[in-house]
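Let's take a friendly walk through a protein model, looking at how its side chains meet. Keep the structure open beside you as you read.

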Amino acid sequence: MASMQLMMSPCPVRAGNIYGIEWKGKRGCAVRRAPLVLCDLRALRQRIDSIKNTKKITDAMKLVAAAKVRRAQEAVVNGRPFSETLVQVLYNLNEQLQTEDVDIPLTQVRPVKKVALVVVTGDRGLCGGFNNFVLKRAERRMRELREVGVAYTIVSVGKKGSTYFRRRPEIPVDKYLEVGPQPTTKEAQAISDDVFSLFISEEVDKVELLYTKFVSLIKSDPVIHTLLPLSPKGEVCDINGVCVDAAEDEMFRLTTKGGKLTVEREVVRTPTTELSSVVQFEQDPVQILDALLPLYLNSQVLRALQESLASELAARMNAMTSASDNAEDLTKSLSITYNRARQAKITGEILEIVAGANALT
């Protein structure tokens with residue numbers, strides 16, 4: 001009887017159009033809080049199949065990003081001994097030069113009238129808010145410089161950043177640079193040469209590097225480090241002059257427990273060879289320092305590119321995980337809708353048969 005009333009109601013319900021509609025007797029039909037799905041059974045089946053295919057793609061992208069982020073972390077750790085040894089050599093050279101008045105261009109501190117901001121972004125999307133966070137941090141830094149009356153210019157690294165700044169001609173950009181899927185010393189050298197020429201020619205008085213520091217698989221922070229002038233001791237400092245160089249790296253390994261992906265964390269301390277306190281340099285320490293500081297600058301740029309890549313891959317893995325979970329939830333919801341519509345259609349056909357048989361008797 002209730003089914004007959006539903007068919008004869010002033011708000012008839014067609015097959016495939018019952019999700020979100022609730023029968024309330026003679027008052028007609030009322031819409032639930034859930035949105036209506038106005039489509040037939042074939043459209044529902046096609047949509048469910050489409051979402052399942054999309055979930056396969058997002059699952060594959062998640063696994064690819066998880067494999068790449070591990071290699072990116074290993075690249076950061078493998079480059080650690082070189083940077084650590086350079087820091088120790090620079091420190092020993094600085095100890096010998098403390099009593100001498102030397103003029104090294106890369107360590108020369110000048111009154112800041114113009115700043116070059118190197119902004120490192122990714123080349124692709126589908127990585128959550130990774131690129132957006134970097135660009136917002138760049139906008140905030142540019143606003144801070146404008147408030148104190150300091151001019152600035154941008155060195156954009158990455159396709160996403162280049163696209164962003166090209167659409168805003170009011171932002172001064174010195175150069176657009178791109179890096180490959182795996183950062184190399186050649187690409188880092190190109191960036192170093194550009195900022196080196198800007199600083200030596202006194203076009204800018206300070207160079208700041210903005211990139212995304214890899215913290216963990218679920219967290220990454222956009223940070224700004226002072227790239228030039230370099231610290232004579234080889235320290236990495238933020239824009240406030242605080243040393244932020246870390247001596248330890250954390251490695252994150254994806255494993256399976258109970259049939260689910262889990263993350264294991266381990267702290268890696270890279271061993272480096274200690275220099276003897278009685279080491280003597282055959283060449284003039286100033287000449288050695290002039291040769292090592294550009295090399296150290298290049299290593300810092302390369303490390304920033306590697307950390308930015310690891311952060312991008314981790315963000316993409318998290319974004320694809322969320323997309324897969326959402327696809328699974330949507331598939332379940334649409335399957336319930338499809339089953340309800342199918343049952344309503346079958347019920348309607350049965351009622352039509354029964355009504356026809358009653359009419360014949």
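Helices here are DSSP runs of H or I with at least four residues, numbered from the N terminus. The model you see is a predicted one.

**Charged pairs**

Side chains of opposite charge can pair when their charged atoms come close. This structure holds 10 salt bridges, and the table shows some of them.

| Pair | Distance, N to O |
|---|---|
| K55 and D59 | 3.0 Å |
| D205 and R110 | 3.2 Å |
| K206 and E208 | 3.5 Å |

Start with K55 and D59. These two residues lie 4 apart in helix α2 (residues 41-78), so about one helical turn separates them. K55 is partly exposed because its relative accessibility is 23%, and D59 is partly exposed at 22%. K55 also has a distant partner in space: its C-alpha atom is 8.4 Å from that of D325, although the two residues are 270 apart along the chain. D325 belongs to helix α7 and is partly exposed, with 40% relative accessibility.

The salt bridge between D205 and R110 links distant parts of the chain, with D205 in the loop between α6 and β6 and R110 in the loop between α3 and β3, 95 residues away. Are these two residues buried or exposed? Both D205 and R110 are buried.

K206 and E208 are buried too. Through salt bridges that share partners, they form one network with R141 and E144.

**Rings and charges**

How many aromatic pairs does a search of the whole structure find? The search finds 1. It is formed by Y164 and F165, whose ring centres are 5.3 Å apart; their planes meet at 85 degrees, so the pair is edge-to-face. Y164 is buried at 18% relative accessible area, and F165 is buried at 1%.

The ring of Y164 also has a charge over it: the charged end of R168 sits 3.7 Å from the ring centre. Similarly, the charged end of R110 sits over the ring of F199, 4.4 Å from its centre.

**Core and surface**

The largest nonpolar core has 35 residues, and those with the most contacts inside it are V118, V157, V207, L228 and L305. Several elements each supply at least two of its residues, including α3 (80-96), β3 (114-120) and β4 (151-157). Helix α7 gives the largest share, 10 residues.

On the surface, I346, I350 and V354 make a nonpolar patch of about 240 Å². I346 lies in helix α7 (residues 285-360) and is partly exposed, at 37% relative accessibility.

How values were computed:
Residues are numbered from 1 along each chain as its sequence is written. This is a predicted model: local features need pLDDT of at least 70, side-chain atom pairs count only at pLDDT 80 or more; totals for chains, interfaces and linings use all residues. Side-chain values use heavy atoms; hydrogens and water are left out. Rings of Phe, Tyr and Trp (its six-membered ring) pair if their centres lie within 6.5 Å; planes under 30 degrees apart count as stacked, over 60 as edge-to-face and the rest as tilted. Buried means under 20% relative accessible area, exposed over 50%, partly exposed in between (1.4 Å probe, protein chains only). A charge sits over a ring if NZ of Lys or CZ of Arg is within 6 Å of the ring centre and within 35 degrees of the ring normal. Patches are made of residues with over 30% relative accessible area and no salt bridge: like charges are joined within 9 Å, nonpolar side chains (Val, Leu, Ile, Met, Phe, Trp, Tyr) within 5 Å. Accessible areas come from the Shrake-Rupley method with a 1.4 Å probe; for residues, only the protein chains shown count as cover. A salt bridge is a side-chain nitrogen of Lys or Arg within 4 Å of a carboxyl oxygen of Asp or Glu. A nonpolar core is a set of buried Ala, Val, Leu, Ile, Met, Phe, Trp, Tyr and Cys residues joined through side-chain atoms within 4.5 Å.
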